Amino acid sequence: MTRFCVQATWDDVPHLSRAQKASLWDAIPEHQRDARTKGIPILGSGRVFVASEEKIVCEPFDLPRSFARISGVDFGIDHPFAAARCAWDRDNDVWYVTATYREKDATPPIHAAALRPWGTWVPVAWPHDGLNRDKGSGDQLAAQYRGHGLNMLHAHATHEEGGSGVEAGILEMIERMQTGRFKVFRGLSDWFEEYRLYHRKDGLIVKLADDLMSATRYALMMRRFADVEPSRKHPPLNPFGGAGGWMGT
């Protein structure tokens, strides 16, 4: 017998009107609202992120050129490869997740081709396992992606004060969410899918279906290397050789 699980929110059902949802929301105990309106199961010993989606979601908008850009990737050696395109409003210290990519059972050239349209000038943060060597080619993973035209940072992701601890990165994400300084573009369903299910068991983070959460965290950790979009009057060199045109975001 085949079993599968389908997760749906009450926005996926057509028979509930906005007024009915408002009435039901007031009647649902606060600790049950995510489970009963978004289909989020109560897993392990609790969710990692508890900020409501309404608090962090924002409508997509054209990013000002002053916003610094950086992407984060999770290589997916034994799980899907994932990438999060991010922007940092440095004037107001607000972090935005603006696009995502997640794919399994594909090779570095395929992943790199999907990310190059985000801008070959955009710095890319990556985890320590990027120093691992690919079993087939023997090349370091980060170097492979650099060879396929991505602007991989010179070293793996670390906090500004040093170290690469997961809990420190998560704590910063939580603090930003709670203070209105972490926003995610509406429509990034794969990101919110992971956000809802990211949880702990016996106090420890469960490392399953967390690829986009990790990619986002790496980008945030390395935001000091985020860069603004170069002038179109002076396009950067094409990483494949010679002067190349600008690739927009």
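**Aromatic pairs, helices and loops in the predicted model**

Tyrosine 195 is buried, at 0% relative accessibility. The model described here is predicted. Phenylalanine 192 is likewise a buried residue, with a relative accessible area of 6%. Both residues belong to helix α7 (residues 189-197), where, being three residues apart, they are separated by about one helical turn. Ring pairs join Phe192 and Tyr195 with Phe49, Phe182, Trp191 and Tyr198 in a cluster.

In the structure, 13 aromatic pairs are present. One of them is formed by phenylalanine 75 and tyrosine 145, whose ring centres are 5.3 Å apart with the planes at 40°, so this pair is classed as tilted. Phenylalanine 75 is located in the loop between β3 (68-74) and β4, and tyrosine 145 in helix α5 (residues 141-147); the pair therefore ties together parts that are 70 residues apart in sequence. Phenylalanine 75 has 5% relative accessibility and counts as buried, and tyrosine 145 is buried at 3%. The pair of phenylalanine 192 and tyrosine 195, by contrast, is edge-to-face, with 6.3 Å from centre to centre and 80° between the planes.

Tyr145 also appears among the contacts of histidine 111, which, when neighbours within four places in sequence are set aside, comprise Phe81, Tyr101, Glu103, Ala106 and Tyr145. Histidine 111 is part of helix α4 (residues 108-115) and is buried, at 3% relative accessibility. The histidine 111 side chain comes to 3.3 Å from the backbone oxygen of alanine 106.

Helix α6 (residues 166-178) consists of 13 residues and spans 18 Å between its first and last C-alpha, close to the 18 Å expected at 1.5 Å a residue. Gly169, Ile170, Met173, Arg176 and Met177 are the buried residues of α6. Viewed down the helix axis, these buried residues fall within an arc of 125°, so they line one face of α6. The exposed residues Leu171 and Gln178 are carried on the face of α6 turned away from the buried side. Glycine 180, just after α6, adopts a positive phi of about 75°.

Positive phi values are also found in residues other than glycine. Aspartate 93 has a phi of about 55° and is situated in the loop between β4 and β5. With a relative accessible area of 24%, aspartate 93 is partly exposed. The loop between β4 (81-89) and β5 (94-103) also contains aspartate 91, which is exposed, at 72% relative accessible area. Aspartate 91 lies 8.6 Å from phenylalanine 67, C-alpha to C-alpha, with their positions 24 residues apart in sequence counted as separation. For aspartate 202, phi is positive and near 55°. Aspartate 202 occupies the loop between β9 (199-201) and β10 (204-205) and is exposed, with a relative accessible area of 70%.

The strands flanking aspartate 202 take part in an open sheet of three strands, ordered β1-β9-β10 with antiparallel pairing. β1 (46-47) and β10 stand at the edges with a single partner strand each, so one side of each has no neighbour in the sheet. The antiparallel pairing of β9 and β10 extends over two bridges. Arginine 200 is positioned opposite isoleucine 205 of β10.

Key: Residues are numbered from 1 along each chain as its sequence is written. Side-chain values use heavy atoms; hydrogens and water are left out. Helices (H or I, at least four residues) and strands (E, at least two) are DSSP runs, numbered from the N terminus. Buried means under 20% relative accessible area, exposed over 50%, partly exposed in between (1.4 Å probe, protein chains only). The expected span of a helix is 1.5 Å times one less than its number of residues. The arc is that of the directions from the helix axis to the C-beta atoms. A polar contact is a pair of N or O atoms within 3.5 Å; within protein, one must be able to donate a hydrogen and the other to accept it, and residues adjacent in sequence count only if both atoms are side-chain atoms. Contact means heavy atoms within 4.5 Å. Two strands pair if DSSP finds at least two bridges between them. Rings of Phe, Tyr and Trp (its six-membered ring) pair if their centres lie within 6.5 Å; planes under 30 degrees apart count as stacked, over 60 as edge-to-face and the rest as tilted.
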